[in-house]
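Visitor: I am new to protein structures. Could you show me how to read the place where two chains meet?

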Amino acid sequence: MNFSEVFKLSSLLCKFSPDGKYLASCVQYRLVIRDVNTLQILQLYTCLDQIQHIEWSADSLFILCAMYKRGLVQVWSLEQPEWHCRIDEGSAGLVASCWSPDGRHILNTTEFHLRITVWSLCTKSVSYIKYPKACQQGITFTRDGRYMALAERRDCKDHVSVFVCSDWQLLRHFDTETQDLAGIEWAPNGCVLAVWDTCLEYKVLLYSLDGRLLSAYCAYEWSLGVKSVAWSPSSQFLAVGSYDGKVRILNHVTWKMITEFGHPATINNPKIVVYKEAEKNPRLALGRLAFPPPRAAAGPASTTESKYEIASAPVSLQTLKPIADRANPKIGIGALAFSPDNYFLATRNDSVPNAVWIWDIQKLRLFVVLEQLSPVRFFQWDPQQPRLAICTGGGKVYLWSPAGCVSVQVPGEGDFQVLSLCWHFSGDSLALLSKDHFCLCFLETEERVGTTFGRPGDHT
Amino acid sequence: MGEWMTVTDPDLSSESKNICQYTSETKMSPSSLYSQQVLCSSIPLSKNVHSFFSAFCTEENIEQSISYLDQEQLETSRREMIGLQERDRQLQCKNRNLHQLLKNEKDEVQKLQNIIASRATQYNHDMKRKEREYNKLKERLHQLVMNKKDKKIAMEVLNYVGRADGKRGSWRTGKTEARNEDEMYKILLNDYEYRQKQILMENAELKKVLQQMKKEMISLLSPQKQKPRERADDSTGTVISDAEEDAGELSRESMWDLSCETVREQLTNSIRKQWRILKSHVEKLDNQVSKVHLEGFNDEDVISRQDHEQETEKLELEIQQCKEMIKTQQQLLQQQLATACDDDTTSLLRDCYLLEEKERLKEEWSLFKEQKKNFEKERRSFTEAAIRLGLERKAFEEERASWLKQQFLNMTTFDHQNSENMKLFSAFSGSSDRDSLTVHSRPRQKKPHGVSNGSPVCTSKLTKSLPASPSTSDFCQTRSCASEHSSINVLNITPEETKPNPVGREGTNQKWSMASRPGSQEGCHSGRSSTCTNSHVEKDDLP
């Protein structure tokens with residue numbers, strides 16, 4: 001595991017290009033494009049204002065920078081650095097901006113969600129979509145980029161419009177039986193659209209591509225409902241995480257729940273491996289005969305090291321009592337992610353914030369629990385294999401795979417607090433983002449013979 | 001030695017009773033005169049009133065009888081009983097309270113749910129109103145923004161880029177719409193087809209597995225064709241015929257589309273059939289195995305081992321069941337016989353026996369065997385004694401009456417006891433029923449001096465409470481004949497009042513308590529816990 005040099009970053013804006021060749025990062029109003037392998041700066045663009053959002057086009061040829069305060073979007077080309085494009089929403093304001101799947105249209109959501117303007121880079125045409133819904137996840141594209149589903153709100157009712165991305169024609173328009181639609185998401189196979197309601201009402205609706213309602217699922221009434229939703233990569237399962245601390249798995253054949261995963265604070269089953277992060281005090285390291293974690297690689301010795309210890313059942317995890325009488329309480333399943341091979345599901349129960357639960361989807365039972373010393377901020381699966389990277393806002397990054405787990409200290413002069421991370425699409429490297437910096441972590445070293453990158457802090 | 005005799009109801013036949021006779025041989029200390037408890041011999045209790053009052057003690061065996069009484073035991077057991085009763089009452093109370101609480105909670109929950117529902121509707125209504133207002137605002141804003149469109153909102157681009165796929169943009173026409181629809185349906189259909197393929201594959205695999213199972217089952221059964229054939233079973237015939245059928249089926253199936261409905265049904269039906277045949281065959285083999293050992297068929301050795309184990313398991317089970325049955329039957333039999341002489345008597349007898357054992361072991365161990373032999377004789381003599389007792393009772397009653405008169409004159413300080421004397425009377429009279437009367441026929445046993453009974457009527461009215469000890473003690477004292485051996489089994493007094501169970505269950509503990517001294521507080525604890533020390537229990541009495 002190698003770490004690169006630390007580079008400047010602002011607003012956690014650091015993204016790999018879809019083809020995996022470039023890494024874009026923002027420093028205030030400048031956009032820096034680096035080569036992924038060498039981290040050399042390939043391009044440097046200057047925008048008109050502080051950048052709030054960057055996004056690569058699907059073919060990695062263009063990158064957009066959105067400046068919400070100014071209502072501006074600037075698009076840069078990698079092939080032709082001198083090419084420029086600027087979209088000014090003016091008084092309409094700008095709250096969100098994204099690419100269309102073909103990489104030639106930009107969808108701008110104006111202030112107050114008045115409308116969505118579809119700007120084309122190929123033609124002079126502009127399209128407007130009225131009444132978009134202001135919700136958590138109102139726009140979703142199919143994986144093949146053919147269709148876009150948009151949540152709308154007309155006459156105090158929720159609707160969904162399906163557009164054909166190639167010509168922006170409206171394909172289907174139907175209303176949903178939701179009280180207050182909170183999110184929509186296509187299944188990876190592009191044939192089913194999952195629609196879920198606000199957390200005040202537990203309702204998950206499944207629509208076919210042609211607008212037919214396939215199924216409606218409601219687990220319980222009155223209590224706070226759906227918090228997070230995730231499709232399995234094969235579209236076989238839909239995982240619904242709710243405020244009651246359970247994940248319910250729906251199957252694609254009957255759209256009925258096949259199992260539910262609870263997240264109790266105590267784990268009694270001895271078959272479940274519980275990894276607990278423990279501080280490794282270097283002073284006591286000599287006399288410490290503690291169970292040496294077989295795969296825990298001691299990170300480069302710096303501040304406090306930590307390692308994973310296997311706790312024996314019954315294990316009790318740290319819980320967090322949510323503040324009563326507040327909206328959006330810190331309970332329930334806040335994060336859900338399937339591994340790319342569909343074998344595992346990683347979840348986080350916000351009332352047990354330090355733990356990541358990994359479920360075996362083949363056997364539909366709990367597989368591993370990882371408990372960190374601080375609350376888990378973010379985790380993401382390796383796009384190629386079942387390997388999970390976790391960060392807790394501390395100076396370490398944690399990796400889990402079925403072979404074991406490891407805790408790695410990020411090297412650096414000062415404190416590098418890993419606030420977020422993102423994987424390279426090949427799974428070879430991992431970008432670790434902190435408030436003001438970022439660095440790259442290379443995971444497979446065999447192929448990196450002779451590569452030169454930032455020397456200080458270079459560790460093998 | 002005092003003899004304790006209890007007389008049964010005249011309507012009860014004597015032969016059905018076990019009659020115990022208690023003899024006291026130990027000296028009774030004055031201190032033990034506090035209470036004299038005599039274990040009531042088993043009386044075949046009827047639900048009717050006890051009619052007889054038994055004479056417990058005569059003047060001679062007061063001291064003796066006292067020694068048999070274990071006052072403390074009685075007290076502790078009584079206290080225990082009271083405590084338990086109290087606890088039971090408390091728990092029942094608690095239970096009721098909890099039920100009430102639960103009901104209240106449920107009602108509250110229902111109320112809260114209704115409240116939530118009403119609040120939700122209110123909230124939705126308000127939200128809709130606000131949303132409409134908001135929409136109006138948006139429209140207005142939209143208009144404003146559109147007006148300013150020419151000013152600022154624009155896209156400035158150096159040059160337009162080509163499309164990603166290199167084609168040129170097309171106009172939006174009806175044709176394109178139709179094309180889009182087509183594409184959409186194509187995509188959906190592809191997805192469905194793909195899924196169907198997956199499901200078909202799965203089905204095919206499962207069918208293969210089932211067919212394999214079927215084949216294996218058939219092959220399992222076929223080597224047995226010879227043997228079962230000899231037994232001429234119908235199912236065996238079907239086995240063969242099925243095998244032939246199935247063979248044909250198999251070939252057919254492989255040719256047909258496996259998703260055919262009839263084929264599927266055929267497959268499942270034949271699997272079921274095979275399974276049934278296999279099951280019955282295994283059972284048959286089990287039977288065969290039992291014969292194998294006798295007939296020594298070699299072919300079945302292999303199978304008989306397996307079946308042997310099954311068989312042994314079955315046999316073990318059977319053995320267990322039979323054992324249990326025997327046990328239960330034994331118990332029932334015992335119970336039956338015991339209940340013939342009533343629960344009270346059994347328990348009394350048991351308890352008597354324990355106490356009796358103590359005494360006997362101390363003194364008359366050797367006599368015990370003798371007494372066993374003489375039991376029958378004594379039984380017979382008891383009936384005679386019963387008659388005698390009746391007469392004696394009458395005499396006793398007269399004596400008592402006269403004594404009471406004396407007492408009334410003498411006793412000025414024991415006013416309250418007078419009333420209790422009445423109770424005592426009735427207690428005595430009531431208890432007479434209990435003590436009926438298993439008389440131990442023992443040469444040494446004395447027949448209890450006739451304790452005159454009160455009228456049978458007053459027995460029924462007696463309370464469970466201990467007739468005031470002082471009074472009873474007084475009574476007993478002055479009443480020489482009565483005090484020594486007679487005891488009041490308060491519980492026995494009103495069989496219909498008292499719970500028959502405690503009477504019966506703890507019959508062993510039912511004692512006749514005799515207050516031996518005036519003022520004795522502990523005296524006359526109606527004994528539940530202490531057994532009569534004088535009593536002998538003939539083990540043989542218990543059927």
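Guide: We will go through the contact between the chains, and then look at two loop residues. Please keep in mind that this is a predicted model.

Visitor: How many residues of chain B are in contact with chain A?

Guide: A good start is to count residues on each side. Here 46 residues of chain B touch 51 residues of chain A. Next comes the area: about 4500 Å² is buried between chain B and chain A, and carbon and sulfur atoms give 56% of that.

Visitor: How many salt bridges are there between chain B and chain A?

Guide: For these, look for a Lys or Arg nitrogen within 4 Å of an Asp or Glu carboxyl oxygen. Between chain B and chain A the count is 4 salt bridges. One to find on your screen joins A:R153 to B:E131, with 2.4 Å between the closest N and O atoms. Polar contacts are counted too, and 16 residue pairs, both at pLDDT 80 or more, make them between chain B and chain A.

Visitor: Which element gives the most to the side of chain B that touches chain A?

Guide: Let us go element by element. In chain B, α2 (71–147), β4 (154–157) and α3 (174–221) each supply at least two residues of the side that touches chain A. The most comes from α2(B), with 17 residues. By residue type, that side of chain B divides into 21 nonpolar, 9 polar and 16 charged.

Visitor: In which sense do strand β10 of chain A and β4(B) pair?

Guide: Strands can be followed from one chain to the other. Strand β10 (residues 84–88) of chain A pairs with β4(B) in the antiparallel sense, over 4 bridges. Within this pairing, look for A:R86, which stands opposite B:E156 in β4(B).

Visitor: Now the loops. Where is A:Q28 found?

Guide: Here we read a backbone angle together with a position. A:Q28 lies in the loop between β4 (22–27) and β5 (30–35) of chain A. Its phi is positive, about 60°, although A:Q28 is not a glycine.

A:L39 also has a positive phi, near 60°, and is a residue other than glycine. Its place is the loop between β5 and β6 (41–46) of chain A.

Visitor: Is A:L39 buried or exposed?

Guide: Compare its relative accessibility with the cut-off: buried means under 20%. A:L39 has 6% relative accessibility, so A:L39 counts as buried. A:Q28, at 39%, counts as partly exposed.

How values were computed. Residues are numbered from 1 along each chain as its sequence is written. Chains are lettered from A and ligands numbered from 1 in the order in which they are written. This is a predicted model: local features need pLDDT of at least 70, side-chain atom pairs count only at pLDDT 80 or more; totals for chains, interfaces and linings use all residues. Side-chain values use heavy atoms; hydrogens and water are left out. Contact means heavy atoms within 4.5 Å. Buried area is the accessible area (1.4 Å probe) that two parts lose on being put together, summed over both. A salt bridge is a side-chain nitrogen of Lys or Arg within 4 Å of a carboxyl oxygen of Asp or Glu. A polar contact is a pair of N or O atoms within 3.5 Å; within protein, one must be able to donate a hydrogen and the other to accept it, and residues adjacent in sequence count only if both atoms are side-chain atoms. Ala, Val, Leu, Ile, Met, Phe, Trp, Tyr, Cys and Pro count as nonpolar, Asp, Glu, Lys and Arg as charged, and the others, Gly among them, as polar. Two strands pair if DSSP finds at least two bridges between them. Buried means under 20% relative accessible area, exposed over 50%, partly exposed in between (1.4 Å probe, protein chains only).
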